[in-house]
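User: I am new to reading protein models. Can you take me through one, feature by feature?

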Amino acid sequence: MNINFTLISQAVAFSIFIWFTVKFVWPPLLRAIEERQKTIADGLAAGERGRHELELASQRSSDVLKEAKQRASEIILQAEKRASEIVEESKRTAKEEGDRIILGAKADIEHEVFSAKEALRQHVAELAVAGAAKILRREVDARAHADMLTSIGEDLK
Amino acid sequence: MASDTELTPTSYINHHLTNLTTQVSEGSFWVLHVDTLVTSLILGVISFGFIWLVVRKATPGVPSKRQAFVELAVEFIDNEVKNTFHGNRHVFVAPTALTIFVWVLMMNAMDILPIDIMAWIYEHAFGLHNWRTVPTTDVNTTFALALSIWFLMLYFNVKIKGWGGWMHELFCTPFGKNPLLWVLNLLFNFIEYVSKPLSHSLRLFGNIYAGEIIFLLLGMWAATGVSGAIFGAVLGAGWAIFHILIVTLQAFIFMMLTVVYISMAHESH
């Protein structure tokens, strides 16, 4: 155990090594490590964010799906209602149309009957006049008996 | 191994515990242990050079295996420092802890090299008769480290607390502010300040030195005959394996004590 100059030389060497490490070794490595830590932290945060977004998206999609289903069933309900309405309406329209046609037909028939009656009446009047003329052949003077003939015609109407 | 004189246990041990010295100047102090200095410098240059080469190309992306290894060591030490030191450790304390751990570990690890084979290599390859491989078995090394750290401790005491703050701490802690206790406080702190570098350096020195002595004793046993050689080899291997733990543990303890001392210098009571 003899303390000598070696101590000083070793202390100097030690100081140089410390200086070297402080200056050249520690900072770049620390920088690299910290940068990597930051990258990893960012990556993890991004992953977390992505997971969260996925959760939101699936939530949203299920919401949309649910809404779509609801709307679809509403539409179907509406359509069914509308269909039954249309059926009802067409039934009603058909009935009205039928009634109208029947009414028209009745009117036509009445008209036909009326005109047939008229024609017959005319015919009967003429026949009566002709008959009467035949009976009274000589005596009848169209001018003197015009009033009578007219009143007969009036009665037959 | 000593080849010039008759080989006795004393000469064997003496040979392994003799430094290669050179006289720098007049006086018994101005002696330099060349082996200690050169070995520690080579180890320091190799380790810090390696780390520097790796760190220079350090990428924040996927690290190479070597970078991952260096990062492992650095983060291990950084964590230890973080738990003890509460300040900006990246400026000085953490890199210093890394320096100490790596350097002391390397110097201690030299203890595992087989001493007699190394001695033969030094003798025949380099023509060096005396060459101690383990720098930390030289008190000069451990005291150099401990005293450097001790001065750093004083420096940080003054820098962080100021002269007044430090003096206040010396006189008023740990027992109290009462003027009657000033002498007692100062005495207590004095003992603490003396014992810190002593225990710090002698713990490392003692452990590694004792380890080397055990290796020497086993080597001597191996010289006694066939059974001695077998036992010496087996026990030597066992001790070397156990020594891996001691070597690492002592380097770690030395580093942790450094961090603790410097942290204490930063914290006022």
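Analyst: Start with what a contact is. Two residues are in contact if their C-beta atoms, placed from the backbone, lie within 7 Å. This is a predicted model. Take Phe101(B) as a case. Leaving out residues up to four places away in sequence, Phe101(B) touches Ile77(B), Ala251(B), Phe252(B) and Met255(B).

User: Which residues touch the most other members of the largest nonpolar core?

Analyst: A nonpolar core is built from buried residues, and buried means 20 or more other C-beta atoms within 10 Å. The largest core here has 56 residues. Phe101(B) is among those that touch the most other members, along with Ala97(B), Leu98(B), Ile100(B), Val104(B) and Ile262(B).

User: Which helix gives the most to this core?

Analyst: H4(B) does, with twelve residues. Several helices supply at least two residues each, including H1 of chain A and H2, H3, H6, H7 and H8 of chain B.

User: How should I read a long helix such as H8(B)?

Analyst: Begin with the general idea. An α-helix has 3.6 residues a turn, so residues three or four places apart point the same way. Now the case. H8(B) has 41 residues and reaches 58 Å from its first C-alpha to its last, close to the 60 Å expected. At Phe242(B), H8(B) bends by about 30 degrees. Its buried residues include His243(B), Val247(B), Ala251(B), Met255(B) and Ile262(B). Their cover includes H3, H4, H6 and H7 of chain B.

User: Is Leu216(B) buried or exposed?

Analyst: Neither. Leu216(B) is partly exposed because 18 other C-beta atoms lie within 10 Å, and buried needs 20 or more. Leu216(B) sits in helix H7 of chain B. Not counting residues up to four places away in sequence, Leu216(B) touches Ile13(B), His16(B) and Ile115(B). Also look at Pro9(B): it is 207 residues from Leu216(B) along the chain, yet their C-alpha atoms are separated by 9.4 Å.

User: What about chain A? How many helices and strands are there?

Analyst: Chain A has two helices and zero strands. Its radius of gyration is 61 Å, well over the 15 Å that the globule rule gives for 157 residues, so chain A is more spread out than a compact globule. The C-alpha trace spans about 195 × 30 × 15 Å along its principal axes. Buried residues make up 9% of chain A.

User: How many residues does each chain bring to the contact between them?

Analyst: Chain A brings 28 residues and chain B brings 39. On the chain A side, 19 are nonpolar, seven polar and two charged.

Key. Residues are numbered from 1 along each chain as its sequence is written. Chains are lettered from A and ligands numbered from 1 in the order in which they are written. This is a predicted model: local features need pLDDT of at least 70, side-chain atom pairs count only at pLDDT 80 or more; totals for chains, interfaces and linings use all residues. Ala, Val, Leu, Ile, Met, Phe, Trp, Tyr, Cys and Pro count as nonpolar, Asp, Glu, Lys and Arg as charged, and the others, Gly among them, as polar. A nonpolar core is a set of buried Ala, Val, Leu, Ile, Met, Phe, Trp, Tyr and Cys residues joined through C-beta atoms within 7 Å. A residue is buried if 20 or more other C-beta atoms lie within 10 Å of its own, exposed if 12 or fewer, and partly exposed in between; C-beta atoms are placed from the backbone. Helices (H or I, at least four residues) and strands (E, at least two) are DSSP runs, numbered from the N terminus. The expected span of a helix is 1.5 Å times one less than its number of residues. The bend at a residue is the angle between axes fitted to the seven residues ending there and the seven starting there. The radius of gyration is taken over C-alpha atoms; the globule rule is 2.2 Å times the number of residues to the power 0.38.
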